[in-house]
Amino acid sequence: MVARDPLANPEPLIRRVYAYVAYRIGDGPDAEDVTSETFERALRYRDSYRSSEGEPVGWLIGIARRCIADAVKARLELAEPRETAAPGDVEADSIRRLDLAHTMAGLDESDRELLALRYGADLTARQIGELLGQRTNAVEVALHRALGRLRTELEAPAVDPAPAGTPLPTAGNS
Amino acid sequence: MSRFWQRSERQLEARLRAERPMPRPELVEAVARRVGPRPVLSGSKRFAFAGALTAAMLGALASVGGISYAASAARSAAEVVKKAVAPAGQQTAIGVFGINSGGDQYRPGYGFGDPNRNHTGPPGLERPGGAAAPPLRTRRAPDGKARLVSFRIQLDEQAALRIHVLDPNGRPLLLSQRGSKVGAGGISGPQTKTIRYTVRVPRSIPITLRIPANLLRAGELYQVRVVATDPSGQRTELLIPFTA
């Protein structure tokens, strides 16, 4: 009997893994790095996948979780300064404050994980429960609470980025 | 009130899905290409792509239709095998020469030159943002004796990297390996005009170069030159401008 290939038709899987990773650690080069590493490891363990253990996306997300943990650990060890964007203007910063991804980054790690699994990787509550070793009901309750906290953060008033009268640096003035 | 919160929650769920981060098409293409089709099965036997395969086996491989892969996947598989078996006439002996500065740690299945980790054609080497990315700026090293320049490159197959920094006249500058980083860790060695690194795992790679401060003039435009050579000897060069 031919074992199912978990990496057949990889494009949708790549998008779901990337969305999950980006919701966890932010959109950009780090998420690309972790996504690439996830599939490198998946390639290595391709033949060990068993359909009885669940859908390929759940298997891949399990790998991605470990890659994220490794990447975070490496980042802490290196304390490498990240490339930052040039300072923006007040309006752009205010808009960014309301940006969903930015708000997600401010959530508790466990909330971010749940929301990333549900709305990034598109896993069902049952699949999330299998991945995290929790009951489906518990996952649904936790998701509901995480959404509530996210909504609270999104609806919170934005804080002025600088006191009145302080000129903001613009590109080229440094 | 309960219906209000339910509607509010559904709206937030819709927003989370609609604003889901999307990967760049280049990343999807690079990863999908790297994943490729699973090594083809023939009956109960499994083909191994590493090692020499005869022309007769290449034909058998292409004719296997019992696996649910598109014909194009079989053609790609044949091309990969062809690359492995046909010694390239112009192939340069690459080996693993590039580890005098650093390199990815060896892992089973990631030997340099493994055809499963490489493709035909020169290495895909690019910087996020591509040609439209703004020039980098250096920053002061903690000890004040050097400037650091950091960036990322995206590599889609195994390659030996050679990294230089060129002055405005195109001359390579001396670099400090200690304090420079390629990938997850630092590199070692004396000062050099060429930093070498062997990439066994194609991916996005962070790089930081340490340049003695006395070699740079403020406001001048310099370039990082990255040359990637794959196991078959094909090369790609990337130039990244920066200002001191």
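## Surface and make-up of the chains

Accessible areas here come from the Shrake-Rupley method with a 1.4 Å probe. The model is predicted. On that basis, chain A has an accessible surface of about 9400 Å². Carbon and sulfur atoms hold 53% of that surface. For chain B the exposed area is about 12300 Å², with 54% supplied by carbon and sulfur atoms.

Chain A has eight helices and zero strands. From the N terminus, its elements read α-α-α-α-α-α-α-α. Chain B has four helices and 14 strands. Of the 174 residues in chain A, 40% are buried. In chain B, with 244 residues, the buried portion is 45%.

Contacts were also sorted by sequence separation. Taking contacts with a separation of 6 or more in chain A, 67% join residues 24 or more positions apart. The corresponding value for chain B is 71%.

## Nonpolar cores

The largest nonpolar core contains 49 residues. Those with the most contacts inside this core are A:Tyr20, A:Val21, A:Phe39, A:Leu115, A:Leu150 and B:Leu16. Helix 1 of chain A, residues 10-25, gives the largest share of the core, nine residues. A second, separate core has 29 residues, including B:Val149, B:Leu155, B:Leu216 and B:Ala228. In soluble globular proteins, nonpolar side chains tend to be buried together.

Which residues does A:Tyr20 contact, leaving aside neighbours within four places in sequence? Its partners are A:Ile61, A:Ala64, A:Arg65, A:Ile68, A:Glu113, A:Ala116, A:Leu117, A:Gly120 and A:Ala121.

## Helix 1 of chain B

Helix 1 of chain B covers residues 2-18, 17 residues in total. At 1.5 Å a residue, this helix should span 24 Å. Its end C-alpha atoms are 24 Å apart, so the two values agree.

The buried residues of this helix are B:Ser8, B:Glu9, B:Leu12, B:Glu13 and B:Leu16. They cover an arc of only 140° around the axis, so they sit on the same side of helix 1 of chain B. An α-helix has 3.6 residues a turn, so residues three or four places apart point the same way. The face turned away from the buried side carries exposed B:Arg3, B:Arg10, B:Gln11 and B:Ala18. Chain A helps to cover the buried residues of helix 1 of chain B: the cover includes helix 1, helix 5 (100-105), helix 6 (109-120) and helix 8 (136-155) of chain A.

## Helix 2 of chain B

In helix 2 of chain B, residues 25-35, one finds B:Leu27. The buried residues of this helix are B:Leu27, B:Val28, B:Ala30, B:Val31, B:Ala32, B:Arg34 and B:Val35. They pack against helix 1 and helix 2 (29-44) of chain A, together with strand 7 (146-155) of chain B. After helix 2 of chain B comes B:Gly36, with a positive phi near 60°.

B:Leu27 has a relative accessible area of 1%. Buried means under 20%, so B:Leu27 counts as buried. Not counting residues up to four places away in sequence, B:Leu27 touches A:Tyr18, A:Glu32, A:Ser36 and B:Gln154. B:Leu27 and B:Arg203 are 176 residues apart along the chain, yet their C-alpha atoms are separated by 9.5 Å.

## Aromatic pairs

How many aromatic pairs does the structure hold over all chains? The number is two. In the pair B:Tyr222 and B:Phe242, the ring centres are 5.7 Å apart and the planes meet at 25°. Planes under 30 degrees apart count as stacked, so this pair is stacked.

B:Tyr222 belongs to strand 13 (residues 221-229) of chain B, and B:Phe242 to strand 14 (residues 235-243) of chain B. The pair therefore ties together parts 20 residues apart in sequence. B:Tyr222 is buried at 2% relative accessible area. B:Phe242 is buried too, at 0% relative accessibility.

## A loop serine

Where does B:Ser188 lie? It is in the loop between strand 10 (185-186) and strand 11 (195-199) of chain B. Its relative accessibility is 47%, so B:Ser188 counts as partly exposed. B:Ser188 and B:Ser176 are twelve residues apart in sequence. Their C-alpha atoms are 8.9 Å apart in space.

Definitions and conventions. Residues are numbered from 1 along each chain as its sequence is written. Chains are lettered from A and ligands numbered from 1 in the order in which they are written. This is a predicted model: local features need pLDDT of at least 70, side-chain atom pairs count only at pLDDT 80 or more; totals for chains, interfaces and linings use all residues. Side-chain values use heavy atoms; hydrogens and water are left out. A nonpolar core is a set of buried Ala, Val, Leu, Ile, Met, Phe, Trp, Tyr and Cys residues joined through side-chain atoms within 4.5 Å. Buried means under 20% relative accessible area, exposed over 50%, partly exposed in between (1.4 Å probe, protein chains only). Helices (H or I, at least four residues) and strands (E, at least two) are DSSP runs, numbered from the N terminus. Contact means heavy atoms within 4.5 Å. The expected span of a helix is 1.5 Å times one less than its number of residues. The arc is that of the directions from the helix axis to the C-beta atoms. Rings of Phe, Tyr and Trp (its six-membered ring) pair if their centres lie within 6.5 Å; planes under 30 degrees apart count as stacked, over 60 as edge-to-face and the rest as tilted.
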